Amino acid sequence: MEEPQQTSSTDGGCVGDIIIEKFLVESKVSTPHVQLACSMRHCAFPLHGNELCIWNTEDPSQQLLVLRGHHQPISAVAFGNTATPLLICSASPDYVVMWSLDECREKALEGLIPRGTVLGTLLGKVLCLRFSPDDSVVAVCAGNKILMLDTESRSTLAELEGPQGPVTAAAFCAWQAHVLISVSEDRSFKVWDHRMGSLIYNSPVLAASPLVSLAIDAGSEQLVTGCAEGQLWVFSLVDRHHYRCVTRVDLRKKTESFFTRRLESGPSGLPEESRPPSADEPGKGDEIRATLPAPGLAHCDLVLSLSSECGPVSSGNASCLWVGIAGLLMFNLANFELEAVLRYKGFRNLSIQVAGSCAVMSKTSDGKAFCVLTSMFGNKIAGLEVNPAALLRCQRRPALGTRLSALPSCCVLPTSPLHFGIGEGSSAKPARHKQSAARSVAKDQPLVFHSKVRSSGYMSAPHATVFSPKTNSKNDCKRPSEGRSRCEWHARSCAPEVSLGGLEKAYRKESPVQNPVPTRLGRRLAVAEGRAAVRCVQFSGDGRRLACGSANHLALVFDADLTGTPAVFTGHDGAVNSVCWSHDGRWLLSASQDGALRVWSARRTELVLCLGKDTFPQPVQAAQFYYIDTFILLSSGPEVQLLTYRIDTCKDEMRRHKPRGRCRAAARLPTTGAVQVTSLSAVNALHSHLVLTAGRNRTLEVFDLNVGRSAAVIVGAHSRPVHQICQNMGSSFTTQPSQLYNLFATTAVGDGIRLWDLRTLRCERRFEGHSSRCYPCGIAFSPCGRYVASGAEDRHVLPACRGAAVQWSSPGNCLVPACDAPKPLFSLQLRRSPGFLPAHKLAPVSSTCLIDGILITVPC
C-alpha cells in the first residue's frame, strides 16, 4: 500500500485543500463493479478477489485488517448500523459471511486467524447486501430474489420473489423497519413488507436502462433511485402520497448547466480539466455521454458545510446526497440542484481518473467525507478524503458588492429615482385642501358655477342620472349600466354549488394562531355570461374586498365572501391582465391587453387616471403600486418603468367624467440583453428598494431602484420562461421574522415552483407535483408565510409547506374538489387579512379563479 498523499491540480489555488488521496492499493484482480462499504471510521473493499480488506479512516497507523474466508471473488460488502458491535457482511457466490470487526481485530493482534459467521451458502452472485436498522436482518440480493437472513439464528426468514431481472440494490426504510425497497434490472422499484413476505407496491417501468442504485432520505422521506444512463428519480414516501414521482433529474444536463451558470457569473476556483466539455464541440458531447458510469448514492451531511454560507433556509433543513458518477456530485434534495461537482480528471495526482465503483460516507467529527473507489479499467483501489466546505467555497458564485434585502438597509440617495417621488410628497392630497383651492378660484366665476348655489342643478342630481360617460364603446356597444345589470343577474342566478353555511360566522369565530390548510369550499360564483376567463385576482389590504380582471374587458370588485352586487369598472378594450390595490385601499389599478393603464377610485368606481397606448411603446404586461403608493411600477416590453402620479380629489362636477390625474416617468430601466419582461414584482407595504423581473430568456433580474440600475441576474432560473413572481408580502394582521421577507417564489409552465432567497440568490426549495403543462397557473404566499399555494390543471389547489421540499395533497384534502372545479385554475390569491377583526381570532380565506370565469373562495 502506498503512503497517503495530498493531490494538487493544474492551477494550484485553493483546490489543494479539496481532496487528499489517503491510500492506494494494487489488487491482483480487477473489481470495477462491486459494492464497496464505508462507515464512520472504516472502509471495506475486496482485495485480490476473495480477500476482504478493512482500513481505518481516522487512524491510518493501525494495522490493515485482511479477512479471509471466501473461495470465490467477493461481489458485495456492507457495514452494520449499530456502533457496538460493528458488524460487516461480505458475499460471494459460495458464501455470505458476517464478521464482528472488534473480535476480528483482537484475534489478528493475538496472531490468530479471524473467523466469521456463515449466514448462507451457494446463493449465486450477490449484487447488494444491506443490514436492517437494528442489524437483526441482512437483505441479500441474489439474482431475481431477495433473501432475508437472520443474523442470530442464521436462518432464512423470507424469500421475496417477483422482479423480472436481477435485483441491483435494496434499502430499509428507517422510520418503518418492516419496509424494504428494491430496484432491479427490470427498470422498476418494489416496496416489500419483509416481515410478512408480501409486496406492497410495484412501480411502472421508469427508464430505458436498468436501475442500479438506491437511497432513502429519512429527513425528507424521499426515495432516490438512479439508472445506468445517469438519471435520477425522486419519489415521495410520505403516507397517502402513494409513492408519487416528485421529479426526474438528468445529471448530464444538470452538470452542464451547473458549469454554465458558474462561467457566466464569474471564474471558478476549480481547474479547467474539472469542467465538463461542451456538447456543442465536435466529439465532446459523445464523450460526456459515454463516460457516465452507473451512479452510486450516499447521504451527505451538508448542514455543516452550508451553515455559514447559505442562510437559515439551507442550513437547517438541507438534505443532500453524494452521487458517484464520473466524479462526485453534491445533489440537494430540497431544490434538486447540484451544489458542487468534483471530477477526478481535474486533479492530476489522483491515481484513479475513471471510477468503476465508489462508496462515500460523511464523517461528523471533522465535517469531511471519505470515499473509496475502484478503477474502471485497472486493478487500483484508492481512498480519498474530501473537504465539502472547501469544495463549496471554490465553486460558489462570487459574492455581490452589497447584500440584497427586501428591507431597506440605507437611506434614499439624492440621485435615486425614489428621491424624486419623496420630494413631491404623497400622490394624492386630502380632499379638503383641494376643495379650498377650488373655492378660491370659483369666486371669480359666474354664480351658477359656485358650489354653494344649489339652484344651479350641479349639486342635487345623482351622478348616474345626470351624466354617465360612454367609456366602453367597444364593449359590444352596451352601456355600463347594462354590463352592471348583466353581472348582477349572474350573481343572483349562479348560486353556490357547495355551501357549508355560516361563512360570516366563520369570520367572527375564534381560531388558533396557526390555522390549518384550507380544505373546504366556501362559495362559487360565475362572473361572466360568456364564461370568459378570470385572468387575475387580488384581495385588498384589509381583506374585505376582492378585485378580479376578466377576459371580457371588465374589472370587478366583490366582497371577500363573494356576496352582494359587485362594483364594475368598464373602459378597457382588451382582456384585463393585472389588477392591484393601493396600500390604503382607495385606488384600484388595472392593465389590459389594449396597452392602457387605468387607475380607478375604488369607492366611486370612477376613472381618475388613464395612460393610453401612445404612452408606452409596447403593451403593459404587469403593473402595481410601489413604495407605499408613491409610484406606479410597470413593465412594458424590455424595460421597467417607474412613474410618479398625482390624483386630483376635488369634486368638480363639470369634469368628473374626465380623468383628474397626471403622471410622468421617473425612471426607465432596460433589462439585460433587452429581453421582454414576463413578470414583475415589488413590495408595496414597505419602502423596499428592490424590484424583481422575469425575462423571456428564462432569467431573473433584480433592480435596485435606490441606485437606479440592475443589481443581479439569475441565469436559467427555470427550464421555461417564468410567468409569475410572487413575493412574501406579509400582512398588517400578522407578524413574521424580518428575514422571511427576502423569500420569493417563481413558477413556469411545466417546471414547478421554486423558492428563492434574495440574500443568496439561490433556489432554496423546489415544489413539484402539481399539474401545469399548458396553462400558466398562479401561486400565492399565505399571510403567515408558512405556505405557498398553487393552482393546477387537474382542478386542485395544492398547498406546499415552506419548510419541506415537496408537499402533496390527496384529492380528499385539496382546497377545491375535482367535481366542483371543471377547468384549470388560472389565478390564485391568498387573503392577506382574515376579516374584520385581528387575524389571530379569525379564519383566513383564499380565492381562486378558473379559466371559465368562475370565482371560488375557500375558508379554513
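Which residue forms a salt bridge with E51, and how far apart are the closest N and O atoms? Keep that in mind while going through these notes on what is a predicted model.

1. **The opening pair.** The partner of E51 is R68, and their closest N and O atoms sit 3.1 Å apart. This salt bridge links distant parts of the chain: E51 belongs to strand 5 (residues 51–56) and R68 to strand 6 (residues 65–68), with the two residues 17 apart. Is E51 buried or exposed? Its relative accessibility is 14%, so E51 counts as buried, because the cut-off for buried is under 20%.

2. **The big picture.** Let's step back to the whole protein. Its secondary structure comes to eleven helices and 56 strands. Of the 860 residues, 55% are buried. If you take contacts between residues at least 6 apart in sequence, 54% of them join residues at least 24 apart. The accessible surface comes to about 35,600 Å², and carbon and sulfur atoms account for 50% of that.

3. **More salt bridges.** Side chains of opposite charge can pair when their charged atoms come close. The count here is 14 salt bridges. One of them joins D751 to R754, with 3.3 Å between the closest N and O atoms, and both D751 and R754 are buried. This pair also has company: K254, E337, D751, R754 and R766 are linked in a network of salt bridges.

4. **A buried pair to look up.** R762 forms a salt bridge with E764, where the closest N and O atoms are 3.4 Å apart. With 18% relative accessibility, R762 counts as buried. E764 counts as buried too, at 1% relative accessibility. Try finding both side chains in the structure above.

5. **A four-stranded open sheet.** Strands of a sheet pair through backbone hydrogen bonds, either parallel or antiparallel. In the open sheet with the order 15-16-17-18, the pairing is antiparallel. Why is one side of strand 15 left without a neighbour in the sheet? Strand 15 (167–173) stands at an edge with a single partner strand, and strand 18 (198–202) does likewise, so each has one side with no neighbour in the sheet. From one strand to the next, the twist averages 25 degrees. Strand 16 (residues 176–184) and strand 17 (residues 189–193) are joined by five bridges, and L180 stands opposite W192 in strand 17.

6. **A covered strand.** In a regular strand the side chains alternate between the two faces of the sheet. Strand 37 (residues 597–601) is a nice place to look at this, since you can check each face in turn. How many of its five residues are buried? The count is five of five. L597, V599 and S601 cover one side, R598 and W600 are on the other, and all are buried.

7. **The neighbours of strand 37.** Strand 36 (residues 587–592) runs antiparallel to strand 37, with five bridges joining them, and W587 stands opposite S601. These two strands form a hairpin with four residues between them, and G595 in the turn has a positive phi of about 85 degrees. Strand 37 also pairs with strand 38 (residues 606–611), again antiparallel and over five bridges. Here L597 stands opposite L611. The hairpin of strand 37 and strand 38 has four residues between the strands, and T605 takes a positive phi near 50 degrees.

Methods. Residues are numbered from 1 along each chain as its sequence is written. This is a predicted model: local features need pLDDT of at least 70, side-chain atom pairs count only at pLDDT 80 or more; totals for chains, interfaces and linings use all residues. Side-chain values use heavy atoms; hydrogens and water are left out. A salt bridge is a side-chain nitrogen of Lys or Arg within 4 Å of a carboxyl oxygen of Asp or Glu. Buried means under 20% relative accessible area, exposed over 50%, partly exposed in between (1.4 Å probe, protein chains only). Two strands pair if DSSP finds at least two bridges between them. Axes are lines fitted to C-alpha atoms, for helices over the stretch in contact, and angles run from 0 to 180 degrees between N-to-C directions. Contact means heavy atoms within 4.5 Å. Accessible areas come from the Shrake-Rupley method with a 1.4 Å probe; for residues, only the protein chains shown count as cover.
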